[in-house]
Amino acid sequence: MPRPDKGSPASRSRERRSPVAALSYWLERHAQNFVASLGKLVRQPFASALTIGVIGLGLALPAVLHLVVVNASAIAAGIEDTVQLSVYLTQPLTAEQARKVQQGIDARDDVLEAELVTPEQGLREFEQMSGFGEALRALGDNPLPYAITVRPAPRFDTPEAVATLADELKTLPEVDIVQVDTEWVQRLHAILEALGQVVWLAAILLGVGVLIIIGNTIRLDINGRREEIEVIKLVGGSNAFVRRPFLYTGVWYGLGGGALAWIIVTAAVAFLAGPVERVATLYGSGIRLQGLDTEAAGVLLAGGTVLGWLGAWAAAQYHLRRIEPRA
Amino acid sequence: MISFQRVFKRYPNGREALAEVSFDLAAGEMAFLTGHSGAGKSTVLKLIALLERPTRGQVVVNGRNTAAVKPRAIPGFRREVGVVFQDHRLLADRPVYENVALPLIIAGVSRRETEKRVRASLDQVGLLGKETSFPLELSAGEQQRVGIARAVVSKPPVLIADEPTGNLDPDLAVEVMNLFRRLNDVGVTVLVATHDVHLIDRFRVRRLHIEQGTLVGVPDAAA
């Protein structure tokens with residue numbers, strides 16, 4: 001039977017640690033691992049660069065898609081300003097009558113411009129746009145009515161004001177149909193919204209990819225340091241103690257990958273800014289290519305860091321349990 | 001300090017390593033565990049370090065029944081047992097100082113205290129001044145002594161050693177055994193497994209002889 005351990009060397013060595021000392025120990029351990037794991041990556045620059053490169057590309061892709069959506073939304077917002085109404089007049093109507101209606105509308109305070117479209121012009125446009133010109137000609141008479149394209153004044157281009165304008169125009173006796181051409185803007189928005197979902201989907205898939213890459217890298221790292229892990233466990237190192245340096249390695253990979261992704265995206269934006277501006281100028285638009293804002297950059301770095309930590313944690317959790325010391 | 005009660009051990013592959021082993025090693029006592037390779041010496045040590053658990057019977061170390069030690073508590077348990085290996089198992093990529101300091105770093109000892117204890121421990125094994133050497137720069141005997149310094153640096157009440165002289169020539173082997181004696185003199189309970197009968201004949205120490213998983217001649221007690 002074991003005897004009470006009186007004054008053995010061990011009992012002298014088991015002094016109690018105060019909470020402050022325990023905290024300072026904990027902080028020191030973490031700071032030491034933080035630096036040491038970075039040093040380890042620096043000492044094997046090629047392998048580290050490969051891993052960080054793959055992670056960076058994986059994170060850059062959803063970020064680029066995000067920018068595509070952001071910029072397309074900005075362009076759509078610019079187009080939205082140019083709301084227009086198509087007013088179709090009743091038939092039959094003389095050119096003189098149509099002209100008078102157009103002038104009446106044009107004189108309104110809430111209208112910037114009203115342009116008369118004659119049936120002949122309408123037919124030509126229709127032919128060009130639809131390719132149904134032959135069919136229309138087969139009808140003999142031009143079935144199209146006079147139409148007036150109305151652009152609201154800048155202060156009256158809100159959806160409500162446009163609706164009011166449309167209602168008032170509809171009360172005119174010569175007006176048959178008023179069409180507010182917002183349908184395609186709505187479609188554009190729907191497309192952009194779908195694209196936004198694609199960004200999320202891509203972010204999730206590539207995030208899982210990054211997790212797997214980091215997890216696998218850490219797994220190889222763990223296998224390479226089997227001997228050391230066994231010795232640490234033999235002399236009483238807990239799983240948390242063994243795991244810590246690997247978690248920090250994962251964090252560095254993730255953070256490095258996030259930073260690289262930011263660099264890739266920023267470089268791509270700088271590269272494309274010139275050409276895009278030229279295109280915008282040609283279309284008479286002042287749109288400039290938007291890069292990653294601070295928030296997006298923060299999400300990229302934080303996301304990378306979290307993924308790195310998670311991947312390393314999963315790998316360490318799974319593989320460290322399987323390494324038990326042999327004597 | 002170490003107590004085996006009717007311990008039976010069968011490994012998952014069906015090999016029966018210990019048939020029924022019972023012995024007590026008092027606090028501050030030292031013993032040699034002898035027997036041919038494969039007789040069960042290593043199994044006894046593994047059970048003490050909680051690298052294995054008995055199939056039947058009880059192993060009590062330092063007042064703790066190993067059966068009651070949960071997996072989460074194993075690291076803490078192992079810090080109370082110093083282990084020395086035949087192949088010393090030092091980390092080749094770290095200097096002597098870091099190798100010896102490892103158990104203290106794990107236990108969360110302050111840096112100043114660690115420094116003091118590592119030096120004391122190296123002094124004890126006669127290697128003071130080799131702190132910055134790397135294990136491979138040392139001789140086999142020196143490497144083994146670094147391993148011993150690491151095993152005792154946290155002053156565990158129990159020290160076990162598996163063939164610690166297996167790779168050493170006779171003079172170095174005697175030196176290492178003397179080291180265990182001195183540690184025992186300051187109160188550490190020491191159990192050394194060895195098959196080197198000629199070597200241990202020179203020491204008047206209790207012997208536990210194991211043959212085919214059974215202790216024989218236990219009463220042949222200490223001097």
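**An oblique helix pair and some local backbone features**

Helices H2(A) and H10(A) are oblique to each other, because an angle that is neither under 35 degrees, over 145 nor within 65 to 115 falls into that class. In this predicted model, the two axes cross at roughly 60° and come within 8 Å. The helices concerned span residues 19-43 (H2) and 239-282 (H10) of chain A. The crossing in which H2(A) passes H10(A) is right-handed. By class, the contact between the two helices has 7 nonpolar, 3 polar and 3 charged residues. On the H2(A) side, the residues involved are A:Arg29, A:Asn33, A:Phe34, A:Ala36, A:Ser37, A:Leu38, A:Lys40 and A:Leu41. Their counterparts in H10(A) are A:Arg244, A:Pro245, A:Tyr248, A:Thr249 and A:Trp252.

Helix H10 (residues 239-282) of chain A can also be followed from the side of A:Ala316. This alanine sits in helix H11, which covers residues 294-320 of chain A. Apart from neighbours within four places in sequence, A:Ala316 is in contact with A:Ile218, A:Ile222, A:Arg243, A:Phe246 and A:Leu247. For one of these partners, A:Arg243, the C-alpha atom is separated from that of A:Ala316 by 6.1 Å, although the two residues are 73 residues apart along the chain. A:Ala316 counts as buried because 25 C-beta neighbours lie inside 10 Å, where 20 or more are required.

Turning to the backbone, a loop of chain A holds a cis peptide bond. The bond joins A:Gln91 and A:Pro92, with omega about -5°. A:Pro92 is found between strand S1 (85-89) and helix H4 (95-106) of chain A.

Chain B offers two residues with positive phi, and each can be placed in a loop. B:His88 has a phi near 50°, a positive value in a residue other than glycine. The loop that holds B:His88 runs between strand S6 (81-84) and helix H3 (96-107) of chain B. Is this histidine buried or exposed? B:His88 counts as buried, because 21 C-beta neighbours lie inside 10 Å.

B:Glu163 is not a glycine either, yet its phi is positive at about 45°. This glutamate lies in the loop between strand S7 (158-162) and helix H6 (170-185) of chain B. B:Glu163 has 20 C-beta neighbours inside 10 Å and therefore counts as buried, since the class begins at 20.

How values were computed
Residues are numbered from 1 along each chain as its sequence is written. Chains are lettered from A and ligands numbered from 1 in the order in which they are written. This is a predicted model: local features need pLDDT of at least 70, side-chain atom pairs count only at pLDDT 80 or more; totals for chains, interfaces and linings use all residues. Helices (H or I, at least four residues) and strands (E, at least two) are DSSP runs, numbered from the N terminus. A residue is buried if 20 or more other C-beta atoms lie within 10 Å of its own, exposed if 12 or fewer, and partly exposed in between; C-beta atoms are placed from the backbone. Two residues are in contact if their C-beta atoms, placed from the backbone, lie within 7 Å. Axes are lines fitted to C-alpha atoms, for helices over the stretch in contact, and angles run from 0 to 180 degrees between N-to-C directions. A crossing is left-handed if the near helix is turned anticlockwise from the far one by less than a right angle, and right-handed if clockwise. Ala, Val, Leu, Ile, Met, Phe, Trp, Tyr, Cys and Pro count as nonpolar, Asp, Glu, Lys and Arg as charged, and the others, Gly among them, as polar.
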